[in-house]
Amino acid sequence: MRSLVAAGGGMRVAWQAGVVRALQEDGITFDHVDGTSGGILTAAMLCSGVDGVEMCRRWRDVDVRDFGSALPLHEYLTGPWNLPAVGDADGLVRHVFPALGISEAAVRASTLQGSFNVVDFVTKQNVAVDAADVDAELLAAGMSLPLFLTPLKRDGHVWTDAVWVRDANVTEALRRGADEVWLVWCIGDTDRWGDGPLEQYVHMIEMSAAGALAADLALADATGRSFVLHVVKPEHPLPLDPEFYLGRISSDSLVQMGYRDARRYLAGRSAGGVPREASCTRMTEPPPSARYVEHLRGTLDGVEVALDLTVVMPLDGPVSGASVAGALTYGPWGERAFLADGRVEETADAFVYRGAVRVDGEVLEVEAVRWLVDDPGFDAWSDLSRVALTVRSASGSVVLSAPLELGSGGVRRLVTSVEPVGVTGVFHRADAVRRLLARGAGALRR
């Protein structure tokens, strides 16, 4: 029996949609899915019959403002010290669930075994609610992080987010008979201790999450419960929810990253999985870098071609250290094809994005070349906006070739998308942006 355990991570769980798509492309299916905190969205989508391709599509249409909704006005008039929370979960039930294709009726009738973790504050215990017994309000309660969203009070119980007790219920998967567990983990797990209330609030969640997972694995080991563990995780911690709210990261970029990270794991996985120990979710901190987004557009025989890229560029060292995720759209292919093995190369006269996409089961190589011209005039930025896209089959034959451009105002949109990564503090963040822009300008002047 194979279980998918979808850990929490706030709105970062959009990343999990890309992971699910990659797993399904490889024919990996599940008999049971378990969701905790934000991972409830992934589990509920699967139990509602939403596949990985549709998951990725639906996340693009989610309005981040719907994740929380305002309390009645009189609640705020009582003063900040008397507020039950910043907002309530009505937005989740009324807007986010429908946008993601989550149906209470479909979840309850699902042939896929499902479990959803919610803490009963009255007993201080985590309850893994079976899919057949869940309802929309209870699903939302499982995502109602204390302080931010009000809990669900029902029949003498107070239901709230389970993340402080556990963030991934491996034990429930084993209890149901799983001998293979795929843990999809998107909460941070590094040794960096950050300053400030937000960072340390997140650190508390990280400690609870990692500590509970370690306890689950230790319990399985102590009782002689053997199983294969696979862990799909980002290489570096994903952006926090405030960056989502402020528009610094989009659900589309997170989906692209999830697909990339899953493909990386699948390419190197072994049948025996990973060691069943607490270090299985460890990540590393990124070097000082800057993230930016490119939306490149063009046409081929009257059909639109689009390449969307999310790039994390190191500020020091070669560009080959960059991390690239993306999606390629071409009408005759149907659905967007997501980029795997994304990377950047730099030659004497060009800046090249490379990667691979899967179309109808075939792996195609993608090359997007931005020629660097020695043109110090006023049209230097327009030179930067042009990219030559070529897609080749495994045999080397050209499948698709089209010129792409950032379009009107595209360079401006690229520049305004720049977001520092791996640096803290206002001055360091501002310097990171300056260094990236200087690097790009320097390349054009060569």
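Trainee: Which residue forms a salt bridge with Glu54?

Mentor: We're looking at a predicted model, where local features need pLDDT of at least 70, side-chain atom pairs count only at pLDDT 80 or more, and totals for chains, interfaces and linings use all residues. Residues are numbered from 1 along each chain as its sequence is written, and side-chain values use heavy atoms, with hydrogens and water left out. A salt bridge here is a side-chain nitrogen of Lys or Arg within 4 Å of a carboxyl oxygen of Asp or Glu. With the closest N and O atoms 2.7 Å apart, the partner of Glu54 is Arg58.

Trainee: Okay, and which helix do Glu54 and Arg58 lie in?

Mentor: Helices are DSSP runs of H or I with at least four residues, strands are E runs of at least two, and both are numbered from the N terminus. Glu54 and Arg58 are four residues apart, about one turn of the helix. That helix is helix 3 (residues 52-59).

Trainee: Why does Arg58 count as partly exposed?

Mentor: Under 20% relative accessible area is buried, over 50% is exposed, and partly exposed is in between (1.4 Å probe, protein chains only). Arg58 falls in that middle band because its relative accessible area is 24%.

Trainee: Asp26 forms a salt bridge with Arg358; how many residues apart are they?

Mentor: In space, their closest N and O atoms are 3.0 Å apart. Along the chain, Asp26 is in the loop between helix 1 (14-25) and strand 2 (32-36), while Arg358 is in strand 14 (residues 350-359). So the pair links distant parts of the chain, with Asp26 partly exposed at 30% relative accessibility and Arg358 likewise at 30%. The separation in sequence is 332 residues.

Trainee: What about Asp308 and Arg336, buried or exposed?

Mentor: These two form a salt bridge with closest N and O atoms 3.1 Å apart. The pair joins strand 10 (residues 303-314), home of Asp308, to the loop between strand 11 (323-330) and strand 12 (337-338), where Arg336 sits, 28 residues apart. They also belong to a salt-bridge network with Arg60, Asp252, Arg297 and Glu304. Both Asp308 and Arg336 are buried.

Trainee: How many salt bridges does the whole structure have?

Mentor: Glu54 with Arg58 is one of them, and Asp308 with Arg336 is another. Searching the whole structure brings up 32.

Trainee: Within what arc do the buried residues of helix 5 fall?

Mentor: In helix 5 (residues 90-99), the buried ones are Gly91, Leu92, Val96 and Phe97. They line one face of the helix, because seen down its axis they fall within an arc of 145°.

Trainee: And which helices are included in what covers those residues of helix 5?

Mentor: The far side of helix 5 leads on to Gly101, with a positive phi near 80°. As for the cover, contact means heavy atoms within 4.5 Å. Among the elements covering the buried residues are helix 2 (39-47) and helix 7 (136-141).

Trainee: Last one: what radius of gyration does the protein chain have?

Mentor: The chain has 14 helices and 18 strands, and its C-alpha atoms fill a box of roughly 70 × 55 × 40 Å along the principal axes. The radius is taken over C-alpha atoms, and the globule rule is 2.2 Å times the number of residues to the power 0.38. With 446 residues, a compact globule would come out near 22 Å, which agrees with the chain's 23 Å.

Notes
The arc is that of the directions from the helix axis to the C-beta atoms.
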